[in-house]
Amino acid sequence: MNWTFMAQNLHFFVNAAYVTVFISFFGVVFSMLIGLVCAGLEVFRIPLLSQVARVYIELSRNTPLLVQLYFLYFGLPKLGVNWSAQTCAVVGLAFLGGSYMAEAMRGGLEAVPRVQTESARVLGFTPAQTLSRIVLPQALSSAIPGVVANIIFLIKESSVVSAIALADVMYVTKDLMGTSYDTYESLTLLIVTYLVILLPISVIGTVLERRFDYARR
């Protein structure tokens, strides 16, 4: 193992990790917003819009992220829309993640017993109060495991964005492997970088899941 090579090139991975965290953060945030809207449309069966949400979910889940990124980065300029690689990465992650978040959140919303909303209505709660104080807190506790798993999934999927010349950790790894041929060292730095990013999220997710599970009891 060439420790000197790893020490000399560590800063490349630190800078690339910032890129990965940046696009992953905004991709996750937007995917959660999309997922919440789509889950609400499906659960409450809003005419036409629920069908649109279902078409989006099936389209997103059944096409690879790489294809979606190619369409955004190489296809949209043909239509006069020119986005940076970073913007395409965030939009691609949000488009893919929104469908998975929608399914996780839909499961959480459907786990709330209907009697809860009926009781809130009898007690004089408005629909907004019922949603914010009764439905969403319980739905969130049920959806936490799926949401955390999807967050980790999206961060790992962000490695695909190197295909559109975005200098994330995968891009840096392939670049170093191609120029220095120190394959094992480059891959080791790649693995360590992803572990540093993902392990805290996994631990926080486990803690939240246990706390919400305890609260339900």
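# Exercises on a chain of helices

Phe95 is partly exposed, with 29% of relative accessible area (buried means under 20%, exposed over 50% and partly exposed in between, with a 1.4 Å probe and protein chains only). The model is predicted, so local features need pLDDT of at least 70 and side-chain atom pairs pLDDT 80 or more, whereas totals for chains, interfaces and linings use all residues. Residues are numbered from 1 along each chain as its sequence is written, and side-chain values use heavy atoms, without hydrogens and water.

## Exercise 1. The chain as a whole

Describe the helices and strands of the chain and its span along the principal axes.

*Solution.*
- Step 1: The count is 8 helices and 0 strands (DSSP runs numbered from the N terminus: helices are H or I with at least four residues, strands E with at least two).
- Step 2: In sequence order, the pattern reads α-α-α-α-α-α-α-α.
- Step 3: The C-alpha trace spans about 70 × 45 × 20 Å along the principal axes of the chain.
- Step 4: Among the 217 residues of the chain, 39% count as buried.

## Exercise 2. A pair of rings

Characterise the aromatic pair formed by Tyr56 and Phe95, and state how far apart the two residues lie along the chain.

*Solution.*
- Step 1: The chain has 7 aromatic pairs (rings of Phe, Tyr and Trp, the last by its six-membered ring, with centres within 6.5 Å; planes under 30 degrees apart are stacked, over 60 edge-to-face, the rest tilted).
- Step 2: For Tyr56 and Phe95, the distance is 5.2 Å centre to centre and the angle between the planes is 75°, which makes the pair edge-to-face.
- Step 3: Tyr56 belongs to helix 2 (residues 49–61) and Phe95 to helix 4; with these positions 39 residues apart, the pair links distant parts of the chain.
- Step 4: Tyr56 is buried, its relative accessible area being 14%, whereas Phe95 is partly exposed at 29%.

## Exercise 3. Further ring arrangements

Which residues form one aromatic cluster, and over which ring does the charged end of Arg61 sit?

*Solution.*
- Step 1: Phe22, Phe25, Phe26 and Phe30 together make up one aromatic cluster.
- Step 2: Arg61 places its charged end over the ring of Tyr100, at 5.1 Å from the ring centre (the criterion is NZ of Lys or CZ of Arg within 6 Å of the centre and within 35 degrees of the ring normal).

## Exercise 4. Two residues and their partners

For Ala143 and for Leu208, state the helix, the exposure and the C-alpha distance to Met101 and to Leu72, respectively.

*Solution.*
- Step 1: Ala143 lies in helix 6.
- Step 2: The relative accessibility of Ala143 is 5%, and therefore Ala143 counts as buried.
- Step 3: Between Ala143 and Met101 there are 9.1 Å in space, C-alpha to C-alpha, and 42 residues in sequence.
- Step 4: Leu208 lies in helix 8, which comprises residues 183–216.
- Step 5: With a relative accessible area of 36%, Leu208 is partly exposed.
- Step 6: Between Leu208 and Leu72 there are 35 Å in space, C-alpha to C-alpha, and 136 residues in sequence.

## Exercise 5. A backbone angle

What phi does Arg45 take, and where does this residue stand?

*Solution.*
- Step 1: Arg45 stands just after helix 1.
- Step 2: The phi of Arg45 is positive, at about 50°.
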